[in-house]
Amino acid sequence: MDFHVMTLFPEMVSQGLSTSILGRAMEKNLISLECINIRDYSADQKHHKVDDYTYGGGAGMLMQAQPVYDCYKSLESRIDPQHTKRVIYVTPQGSVFNQQMAMEFAKSDDLIFLCGHYEGIDERVLEEIVTDYVSIGDYVLTGGELPAMVMIDTISRLVPGVLNNDISAETESFTDGLLEYPQYSRPEEWMGKKVPPILLSGDHKKVDEWRLMMSLERTKERRPELYDAWMAAHPPKPPKRRRKRRKNTTAVDGTADTTIDSIEDNNADNVEVVQNSGNTNFEDLSSNDLGK
């Protein structure tokens, strides 16, 4: 996957994402990162000015449309036309970023992040090039660089091979709509706190059940809205109807045995009678025996 960041501060992004897991992924060519300085496309060759006052008045400066557009067109010309791409404008006015959105973005070949600054970017160029408006929360930052880095980190983890153990991405918080269960490592006891015995049992089925239970408890306590959504999507299964089979042997007029199979159902009364020989006398059978 290829990430492209259109920004006024390319070093801030490239340096912040060049270490740890993402740095190793870039070395292995699993992902790539290109940071493009929008100032390079300014019509002002002397000062590389890219902002101006807003029409209608107001505080602050606004990034102009033409430098942003020229920067994008230059970038677009270098992207394989067969690739799927999305242009993400990082703005507090966008949809709030989450794990499901990250999984959707991870399906693209190229992701282009447009980072605003000052009071934002001229609306006309946004209408021309942007496909997605995304926020990382209901608060305001000085620019879109930090949110872009957050999203790139999250999406990169979903690219096959980026994590040494791909299962890690499948079990992390929010992947299935729940917060992740508690984790423990050595030593077995620390400051009087012991690792839950179930994790030492070697019974993988019980461990999985315990982890789901802990995820549900933690999500209900810390993120009740996620818990309610998960419960709505995974309603408890209705209890199975209990079926009881009782076998009674009754001697009829001393010459023959008659077998009565009575099957009781929670929702219906069914009686099956199998007569081996002779006549069956039901007068001695209680209504309970008949399931009535």
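In which helix is Leu22 found? In this predicted model, Leu22 belongs to helix H2, which covers residues 20-27. With a relative accessibility of 5%, Leu22 counts as buried, because the cut-off for that class is under 20%. If the neighbours within four places in sequence are set aside, the residues in contact with Leu22 are Leu17, Ile31, Ile152, Asp153 and Ser156. A further distance places this residue relative to Ser32, which is 10 residues away along the chain and whose C-alpha atom is separated from that of Leu22 by 9.3 Å.

From H2 the reader may turn to helix H3, which is made up of residues 65-76. This helix has 12 residues and reaches 16 Å from its first C-alpha to its last, close to the 16 Å expected at 1.5 Å a residue. Its buried residues are Ala65, Pro67, Val68, Cys71, Tyr72 and Leu75. The cover over these buried residues of H3 includes several strands, namely E1 (2-7), E2 (32-37), E4 (61-63), E5 and E6 (110-115), and it also includes helix H5.

Two of the elements that cover H3, strand E5 and helix H5, return in the description of the largest pocket, where E5 (85-96), H5 (123-129) and strand E7 (132-135) are the elements that give two or more residues to the lining. About 470 Å³ of space lies in this pocket. The lining consists of 25 residues, and those closest to the centre of the pocket are Tyr89, Val90, Thr91, Pro92 and Gly120. Strand E5 provides the largest share of this lining, with 5 residues. Sorted by class, the residues around the largest pocket are 13 nonpolar, 10 polar and 2 charged.

Strands E5 and E7 are also connected through a pair of charged side chains. Asp132 forms a salt bridge with Arg86, and the closest N and O atoms of the two are 2.9 Å apart. Since Asp132 lies in strand E7 and Arg86 in strand E5, the pair ties together parts of the chain that are 46 residues apart in sequence. Asp132 itself is buried, because its relative accessible area of 13% falls under the 20% limit.

This pair does not stand alone, for Arg86, Glu104, Lys107 and Asp132 are linked in a network of salt bridges. Within that network, the side chains of Lys107 and Glu104 meet in a salt bridge with an N to O distance of 3.3 Å. Lys107 is exposed, with a relative accessible area of 63%, whereas Glu104 is partly exposed at 38%. The structure holds 8 salt bridges, and one of them joins Glu225 to Arg223, with the closest N and O atoms 2.5 Å apart. Both ends of this bridge are partly exposed, Glu225 with a relative accessible area of 42% and Arg223 with a relative accessibility of 31%.

Helix H8 is formed by residues 204-222. It has 19 residues and reaches 26 Å from its first C-alpha to its last, close to the 27 Å expected at 1.5 Å a residue. Val207, Trp210, Met214, Ser215, Leu216 and Thr219 are buried in this helix, and what covers these buried residues includes helix H9 (224-233). Met213, which also has its place in H8, counts as partly exposed, because its relative accessibility of 40% lies between the limits of 20% and 50%. The C-alpha atom of Met213 is 8.3 Å in space from that of Tyr181, although the two residues are 32 residues apart in sequence.

The remaining feature to consider is the second largest pocket, which has a volume of about 310 Å³. It is lined by 18 residues, of which Tyr184, Val195, Leu199, Leu200 and Arg211 lie nearest its centre. By class, 9 residues of this lining are nonpolar, 4 are polar and 5 are charged. For the largest pocket, the corresponding numbers are 13 nonpolar, 10 polar and 2 charged.

Key:
Residues are numbered from 1 along each chain as its sequence is written. This is a predicted model: local features need pLDDT of at least 70, side-chain atom pairs count only at pLDDT 80 or more; totals for chains, interfaces and linings use all residues. Side-chain values use heavy atoms; hydrogens and water are left out. On a 1 Å grid over the protein atoms alone, a cavity is a set of points where a 1.4 Å probe fits but cannot get out, and a pocket is an open set with protein on both sides within 12 Å along at least five of seven lines; lining residues have an atom within 4 Å of a point. Grid points are joined across faces, edges and corners, and a volume is the space filled by probe spheres set on the points. Helices (H or I, at least four residues) and strands (E, at least two) are DSSP runs, numbered from the N terminus. Ala, Val, Leu, Ile, Met, Phe, Trp, Tyr, Cys and Pro count as nonpolar, Asp, Glu, Lys and Arg as charged, and the others, Gly among them, as polar. A salt bridge is a side-chain nitrogen of Lys or Arg within 4 Å of a carboxyl oxygen of Asp or Glu. Buried means under 20% relative accessible area, exposed over 50%, partly exposed in between (1.4 Å probe, protein chains only). The expected span of a helix is 1.5 Å times one less than its number of residues. Contact means heavy atoms within 4.5 Å.
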